[in-house]
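Reader: I'd like to learn how to read metal and ligand sites straight from a model. Can you walk me through one?

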Amino acid sequence: MSAEAKAKYRGKVLQVAVPSPLRRVFDYLPLPQQQTLPEPRVGIRVKVSFGRQQLIGIVVAVVNNSTLEKEKLKPILASLDSEPLLNDAVFKLLLWAANYYQHPLGEVFAAALPAKLRNGIPLRETSKFWTASESSTEEENSLSRAVKQKALLSFIRSAGEVTESKLREAGFSKQPLAQLLQKNLIEEHSQTKAAAAPFEPLETESNFDIELNEEQLIAVTTISKALDQYKCFLLDGITGSGKTEVYMRIMQEQLSKGLQCLVLVPEIGLTPQTIARFRQRFKCAVVSLHSGLNETERMTAWSQARDGSAGIVIGTRSAIFTPLAKPGLIVIDEEHDSSFKQQDGFRYSARDLAVSRARQEGICIVLGSATPSLESLHNARSNKFVHLHLTQRTGIDQSSKMEVIDVSRETMCDGFSEQLLYRIRKHIQQRNQVLVFINRRGFAPILNCQTCGWICECENCIAQFTVHANPPSIRCHHCGAAARLPRSCPSCKSKDLNTMGIGTQRIETFLQKQFTDTPVIRIDRDSTRRKNSLEKMLEEINKGDPCILLGTQMLAKGHHFPNITLVAILDADSGLFSADFRGQEHMGQTIVQVAGRAGRADRPGEVIIQSRHASHETLQSLANKTYAEFSESQLKERMAAQLPPFSHLCLLKAEASEMQPALQFLDGIAQFCQSFSAHNSLPIEQLGPLPAPMEKRAGKYRVQLLLKTDKRGNLQALLSSLCAELESMKLPRSVRFSIDVDPQDLV
Ligand code: ADP
Ligand code: ZN
Ligand code: ZN
């Protein structure tokens, strides 16, 4: 039966998406006067009563009937916009994303809008001004004793019209103004601020200081030729090969046509230096959107993008939803970076959405990386993306030499083999700088009792506490819990406690003892917490004196250290044997990225990887081959195992304060999935339900069910009907359920 046939009410109905966990829209009637006045439009915000609350929602559709009876339909409380907030392309992108990621539409809209708009603040500020009314002398005479009112009236009269700021400047208070208004001696008007004017198209520049090399030229020409329609380019270029220069040439071309450019960068990549580089090159407004902004700043930047007054919009993940008046290009820098995938709530991939958006807008998109994701490489191989290569380092002839050293039979000193220490010493003696990479912060990952074997674990998680040195404490890296360092074993009272394993703080202490005359600079989340501390450390390193730079993942992005001649990767084995199928890919990307930070023309870099499994094929291919060959062999393994990008995954997760209810709940889901796929002959494989690799986190037990199929459509059909089923059921309150389409990590 069609909706038309089921209709119980006929007349104009607004379908509204409200921020609620329910995956559906709600019917409302327009305001009574709006039935004759201008049509309520799709895309505007409305205020509605929802249960006992008042919420701000978005009109998703205007239809001519409802399946509800008239008595059950409430009119909206207010309509907040005269024009849609989001342009058509972004609006459609959000509808598509809500459906694809199976997330409630109202929450998807909420994620896309700045908080001020989400909370109902008008898009454009309105300002008030006042003029004098035509009044009789009689009325004015009544003011003879009200000196202030009289002065104000003659001030307004002589000025013609006055604004609030003019009043303030002239020293008038609000009181006489209100009194004059009441007596009808003046009139109040309000004016909405106009949209900012679009940015001036840039002049075409032909003489840049930098002359492109041949590969850059090919990349720029190829992209330039395609600029009037959708096309996705994968710009695959080693660190320092001039990818940014290529982006900027294409941006210049679009900016000179008056078209805007949207640039997405990883969370760690959006530094003042990145923004400065664009500001320096382009004479148009460059706005940035990231988590460090306050709500007023965010609103301003967002509006400039929407009005078209900003030529360049640069931001992290959620900036993909920023509407652009005249879109011309999307760039995703470091497209392999996992920060483009949101890991909770609305679990979208900004990179994948960016590709959909570019298609929707009919514009080009460039995905750049020195270590492209296997997904993007696969898309390039199947001709969905155009693959462009930059293989030369600009100004650098030699790229660094990589070497794996076998430490399986060595006695290690706080993570270092004799060999490695010897090599570090050599580089320091030659007055060079050294970078030591370890992806674990804190002092040591394990604290245990030598007498009884007790291990210090977080109560909220099934995970060990990490020992931190400064101040001496234990901290859980999963839920953030922290406590003082225990002095004795809580189980046997022994004082013989021992730290095992290595973290950045322990290595810092060790290296400082080994190299007493050389500064050791530690860069991790703990040491850079204070504002500008990172900048200070980078400045110190860039002076070029011998030093040892020690750090985590934070070193793998953005910065370049020309004086570093040795990069040491302390431990590659955890990535090699990760529980996650992306473990090796990520390890490879990290090592290549860290290695790429070092060296310059006259001082070729060396990279040393320590491993107990030095002959492991993955490590060997990383060390002796190019990233392209490494990723090729990874792709082969993925194909053999039928894992993404050769299949599509969805991770269904349940969390509860006990294991049983979570397991039971997912069991029910699993049964539904099984019978649905059997009934519809959809080949969907199920793994689980099983406890997650990290079984308990922040006080919740975690269970997961992995769905795998070779066609996205299969999963989408199943998920849609699963969600419809869940909506009609009463869910146990104790269980939190979530759906992660194209999950990044399975831990
Ligand atoms: P990537 O983004 O690939 O890491 P960049 O575009 O940042 O590389 O380029 C690295 C450095 O090389 C920058 O200082 C840039 O100005 C410079 N550069 C880029 N292209 C050229 C070129 N063709 N000739 C000389 N220098 C270049
Ligand atoms: Zn003990
Ligand atoms: Zn914890």
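Author: We'll go through the zinc site, then the ligand 1 site, then one helix residue. Keep in mind that this is a predicted model.

Reader: Which residues are the protein donors of the zinc ion (ligand 2)?

Author: Start with the atoms that hold the metal. Here they are the SG atoms of Cys449, Cys452, Cys489 and Cys492, at 2.2 to 2.4 Å from the zinc ion (ligand 2). Along the chain these donors are spaced as C-x2-C-x36-C-x2-C.

Reader: And what arrangement do the four donor atoms around the zinc ion make?

Author: Check the angles. Four donors count as tetrahedral if all angles lie between 85 and 135 degrees. The angles at this zinc ion (ligand 2) run from 106 to 112 degrees, so the arrangement is tetrahedral.

Reader: Which parts does the pair Cys452 and Cys492 tie together?

Author: Look up where each donor sits. Cysteine 452 is in the loop between strand E18 (446–449) and strand E19 (466–468), while cysteine 492 is in the loop between strand E21 (482–484) and strand E22 (497–500), so the pair links parts 40 residues apart in sequence.

Reader: What are the relative accessible areas of cysteine 452 and cysteine 492?

Author: For cysteine 452 the value is 38%, which is partly exposed. Cysteine 492 has 30% and is partly exposed too.

Reader: On to ligand 1. Which of the residues around it come nearest?

Author: List the shell, then sort it. Of the 14 residues around ligand 1, the nearest are Glu211, Gln216, Lys243, Thr244 and Arg277. By class, the shell has seven polar, four charged and three nonpolar residues. Helix H10 (residues 243–255) supplies the largest share, three residues.

Reader: Which polar backbone atoms should I look at around ligand 1?

Author: Go pair by pair. Glutamate 211 has a polar backbone atom 2.8 Å from a nitrogen atom of ligand 1. For lysine 243, a backbone N or O atom is 2.8 Å from an oxygen atom of the ligand. Glutamate 245 has a polar backbone atom 3.2 Å from an oxygen atom of ligand 1. As for cover, ligand 1 exposes 560 Å² taken alone, and the protein buries 67% of that.

Reader: Last one: where does alanine 276 lie?

Author: Place the residue, then check its accessibility. Alanine 276 is in helix H11 (residues 272–281), and at 39% relative accessibility alanine 276 is partly exposed. The C-alpha atoms of alanine 276 and proline 689 are 49 Å apart, with their positions 413 residues apart along the chain.

Technical notes
Residues are numbered from 1 along each chain as its sequence is written. Chains are lettered from A and ligands numbered from 1 in the order in which they are written. This is a predicted model: local features need pLDDT of at least 70, side-chain atom pairs count only at pLDDT 80 or more; totals for chains, interfaces and linings use all residues. Side-chain values use heavy atoms; hydrogens and water are left out. Donors are N, O and S atoms within 2.8 Å of the metal (3.2 Å for Na, K and Ca); water is not among the atoms, so sites may look incomplete. Four donors count as tetrahedral if all angles lie between 85 and 135 degrees; four count as square planar and six as octahedral if opposite donors are over 155 degrees apart and all others between 65 and 115; anything else is irregular. Helices (H or I, at least four residues) and strands (E, at least two) are DSSP runs, numbered from the N terminus. Buried means under 20% relative accessible area, exposed over 50%, partly exposed in between (1.4 Å probe, protein chains only). A residue is near a molecule or strand if one of its heavy atoms lies within 4 Å of it. A polar contact is a pair of N or O atoms within 3.5 Å; within protein, one must be able to donate a hydrogen and the other to accept it, and residues adjacent in sequence count only if both atoms are side-chain atoms. Accessible areas come from the Shrake-Rupley method with a 1.4 Å probe; for residues, only the protein chains shown count as cover. Ala, Val, Leu, Ile, Met, Phe, Trp, Tyr, Cys and Pro count as nonpolar, Asp, Glu, Lys and Arg as charged, and the others, Gly among them, as polar.
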